Amino acid sequence: MIMSKLFIALLLPICVAVVFFIIKKSNCQDNQKVSDNNFVVFIPKMIATIGIFGSLLVIVIFVIFVFFSEQELNGIFYLVFISAFSVGAYLVLKALRFRVVVDKNRIEVTPAFSKTYSFMFEDIISVKRQTKKNKTNSERIIIKTKNGKKLIVENTEVAYERLLRRIKAEVDNNMLDGFQ
């Protein structure tokens with residue numbers, strides 16, 4: 001019980017600092033002119049907001065359980081809460097970090113959890129368009145490059161349609177799959 005309270009005392013200030021950092025980072029905006037040759041594909045900031053509130057809710061429930069429970073908490077309890085917190089943290093990190101910058105003929109990809117890389121439209125060896133027949137007609141494109149990189153962009157991301165138009169215009173039709 002004392003260990004749980006000590007854990008909370010250390011974790012809470014770190015979480016609050018991370019939330020303020022995330023809010024500050026999400027408010028930074030690029031002063032970049034947007035056109036069909038120069039644009040950024042990114043995940044809407046609402047996803048980061050959902051992740052923040054979800055993680056905070058998990059922390060609040062966790063704190064309530066730790067401080068108001070009279071019994072020693074089981075290890076599975078911690079595992080469940082860490083898993084739930086991780087989902088929210090993943091949403092936040094992915095929404096704030098993932099972006100695809102198209103600058104004329106160059107595509108620069110910043111994945112959520114790995115190094116930034118770039119390639120040219122000429123380096124694309126295949127583009128597959130997948131559409132699901134569900135209520136929202138989910139759609140995504142999978143881009144593969146000569147050097148083995150794979151990029152997945154979904155239709156829920158900002159500027160997806162613009163990227164789709166550029167791919168149709170720049171990539172040879174023989175390399176396109178699922179485009180009618």
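A residue counts as buried under 20% relative accessible area, as exposed over 50%, and as partly exposed in between. Keep that in mind for this predicted model. V60 has a relative accessible area of 45%, so it is partly exposed.

**The chain as a whole**

There are four helices and eight strands here, and along the sequence they come in the pattern α-β-α-α-β-β-β-β-β-β-α-β. Of the 180 residues in the chain, 32% are buried. About 11800 Å² is exposed, with carbon and sulfur atoms supplying 62% of that area. Take the contacts between residues at least 6 apart in sequence: 53% of them join residues at least 24 apart.

**A nonpolar patch and a buried arginine**

Back to V60, which sits in helix α2, residues 45–68. Together with I64, F67 and F68, V60 makes a nonpolar surface patch of about 410 Å².

Now for helix α4, residues 160–170, where you'll find R166. Is R166 buried or exposed? R166 is buried, because its relative accessible area is 7%, and the cut-off for buried is under 20%. Setting aside neighbours within four places in sequence, what does R166 touch? Its contacts are D36, N37, F39, V102, K104, N105 and F121.

**The strands**

Four strands make an open sheet, ordered β1-β2-β3-β4, with antiparallel pairing. At the edges are β1 (38–42) and β4 (117–120), each of which pairs on one side only. From one strand to the next, the twist averages 15 degrees.

Here are two antiparallel pairs side by side:

| Strand pair | Bridges | Residues that stand opposite |
|---|---|---|
| β2 (residues 99–103) and β3 (residues 106–110) | five bridges | D103 and R106 |
| β6 (residues 139–145) and β7 | five bridges | I141 and V153 |

The β6 and β7 pair forms a hairpin with four residues between the strands, and G148 in this hairpin takes a positive phi near 90 degrees.

Strand β7 (residues 150–154) is a nice one to look at by face. In a regular strand, side chains alternate between the two faces of the sheet. Which side chains of β7 are buried? L151 and V153 point to one face and are buried, whereas K150, I152 and E154 point to the other face and are not. V153, from the buried face, is also the residue that stands opposite I141.

Technical notes
Residues numbered from 1 in each chain as written. Predicted model: local features only at pLDDT ≥ 70, side-chain atom pairs only at ≥ 80, totals over all residues. Heavy atoms only, no water. Patch = residues over 30% accessible without salt bridge, like charges linked within 9 Å, V, L, I, M, F, W, Y side chains within 5 Å. Areas by Shrake-Rupley, 256 points an atom, 1.4 Å probe, with all protein chains shown as cover. Salt bridge = Lys/Arg side-chain N within 4 Å of Asp/Glu carboxyl O. Helix = DSSP H or I, 4+ residues; strand = E, 2+ residues; numbered from the N terminus. Buried < 20%, exposed > 50% of the residue type's maximum accessible area, 1.4 Å probe, protein only. Contact = heavy atoms within 4.5 Å. Pairing = 2+ DSSP bridges. Axes fitted to C-alpha atoms, helices over the stretch in contact; angles between N-to-C directions.
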